Amino acid sequence: MRLINLVFSMILTLVLTGCSSKKDKDNRCTTAAEDDAKMQNYISANGITATKHASGIYYQIIEPGSGATPTINSTVKANYTGKFTNNTSFDGGVASFPLTGVIEGWQIGIPLIKQGGKVKLIIPPYLAYGCNDYMSIPGNSVLIFDVELLEVR
């Protein structure tokens with residue numbers, strides 16, 4: 001009986017100390033400087049000519065557009081693709097949404113163009129989903145969006 005208790009105790013100890021969980025994950029938020037370095041590396045590696053916005057996002061206006069200019073109070077329709085810095089897509093399609101209901105990086109970046117315009121947004125985590133995982137997006141992710149602004153209401 002003592003041997004069984006000893007074996008059970010050893011197994012329990014191994015299970016409790018050997019298993020990792022999300023609680024063990026380093027949830028440290030990256031710094032703005034670390035995020036900026038990731039974004040600059042992506043820009044350089046992909047030959048992108050981007051401008052840095054005061055907020056910390058980088059953007060490249062592909063086509064400025066000629067229609068209405070969206071504001072934070074606008075509802076927009078956009079065709080977009082979302083990627084990570086390794087160029088793996090995580091989202092995309094055509095969607096309509098109020099700008100107040102999306103990540104801050106989009107609230108800043110979408111008004112840089114007019115209806116009919118196209119922009120590439122390179123968004124640091126602190127203007128996207130932060131340092132925690134969000135659905136299929138790992139925490140501390142720099143996000144790249146190619147956006148075509150189809151409609152402004």
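A residue counts as buried when its relative accessible area is under 20%, as exposed when that area is over 50%, and as partly exposed in between. The exercises below apply this and a few other cut-offs to a predicted model.

**Exercise 1. The sheet**

Task: Find in which order the six strands form the open sheet, and which strands are its edge strands.

Solution. Step 1: Following the pairing from one strand to the next gives the order S1-S2-S5-S6-S3-S4, and the pairing is antiparallel. Step 2: The edge strands are S1 (51-52) and S4, each of which pairs on one side only. Step 3: Turning to S3 and S4, one finds that they pair in the antiparallel sense over nine bridges, and that Lys77 stands opposite Ser96 in S4.

**Exercise 2. A network of salt bridges**

Task: Determine which residues are linked with Asp146 in a network of salt bridges, and say for each whether it is buried, partly exposed or exposed.

Solution. Step 1: A salt bridge requires a side-chain nitrogen of Lys or Arg within 4 Å of a carboxyl oxygen of Asp or Glu, and a search of the whole structure finds six of them. Step 2: One of these joins Asp146 to Lys83, with the closest N and O atoms 3.7 Å apart. Because Asp146 lies in strand S6 (residues 143-152) and Lys83 in strand S3 (residues 75-83), this pair ties together parts that are 63 residues apart in sequence. Step 3: Asp146 also meets Lys120 in a salt bridge, at 2.7 Å from N to O. Since Lys120 lies in strand S5 (residues 118-123) and Asp146 in strand S6, this second pair ties together parts that are 26 residues apart in sequence. Step 4: Lys83, Lys120 and Asp146 are therefore linked in a network of salt bridges. Step 5: With a relative accessible area of 26%, Asp146 is partly exposed, whereas Lys83, at 14%, is buried, and Lys120, at 10%, counts as buried too.

**Exercise 3. A salt bridge with an exposed residue**

Task: Classify the two residues of the salt bridge between Arg153 and Glu151 as buried, partly exposed or exposed.

Solution. Step 1: The closest N and O atoms of Arg153 and Glu151 are 2.7 Å apart, which is within the 4 Å that a salt bridge requires. Step 2: Arg153 has a relative accessibility of 55% and so counts as exposed. Step 3: Glu151, at 28%, counts as partly exposed.

**Exercise 4. The aromatic cluster**

Task: Work out how the ring of Phe90 is placed against the rings of Phe84 and Phe145.

Solution. Step 1: Rings pair if their centres lie within 6.5 Å, and their planes count as stacked under 30 degrees apart, as edge-to-face over 60, and as tilted otherwise; by this rule there are six aromatic pairs. Step 2: The rings of Phe84 and Phe90 have centres 4.8 Å apart and planes at 35°, so this pair is tilted. Step 3: The rings of Phe90 and Phe145 have centres 5.7 Å apart and planes at 85°, so this pair is edge-to-face. This second pair links distant parts of the chain, with Phe90 in strand S4 and Phe145 in strand S6, 55 residues apart. Step 4: Phe90 and Phe145 are both buried. Phe84, whose place is in the loop between S3 and S4, is buried as well, with a relative accessible area of 16%. Step 5: Tyr80, Phe84, Phe90, Phe97, Trp106 and Phe145 form one aromatic cluster.

**Exercise 5. Pocket and cavity**

Task: Describe the lining of the largest pocket and that of the largest cavity.

Solution. Step 1: The largest pocket has a volume of about 300 Å³, and among its 14 lining residues the closest to its centre are Tyr80, Phe90, Asp91, Tyr129 and Phe145. Step 2: Strand S4 (residues 89-98) gives the largest share of this lining, four residues, and the lining divides into twelve nonpolar residues, one polar and one charged. Step 3: There is one cavity of 30 Å³ or more, and the largest cavity has a volume of about 30 Å³. Step 4: Its lining includes Pro125, Tyr129, Ile137, Ser141 and Leu143, and divides into six nonpolar residues, five polar and no charged. Step 5: One of these lining residues, Ser141, is 57 residues from Phe84 in sequence, yet the two are 7.1 Å apart in space, C-alpha to C-alpha.

Notes: Residues are numbered from 1 along each chain as its sequence is written. This is a predicted model: local features need pLDDT of at least 70, side-chain atom pairs count only at pLDDT 80 or more; totals for chains, interfaces and linings use all residues. Side-chain values use heavy atoms; hydrogens and water are left out. Helices (H or I, at least four residues) and strands (E, at least two) are DSSP runs, numbered from the N terminus. Buried means under 20% relative accessible area, exposed over 50%, partly exposed in between (1.4 Å probe, protein chains only). On a 1 Å grid over the protein atoms alone, a cavity is a set of points where a 1.4 Å probe fits but cannot get out, and a pocket is an open set with protein on both sides within 12 Å along at least five of seven lines; lining residues have an atom within 4 Å of a point. Grid points are joined across faces, edges and corners, and a volume is the space filled by probe spheres set on the points. Ala, Val, Leu, Ile, Met, Phe, Trp, Tyr, Cys and Pro count as nonpolar, Asp, Glu, Lys and Arg as charged, and the others, Gly among them, as polar. Two strands pair if DSSP finds at least two bridges between them.
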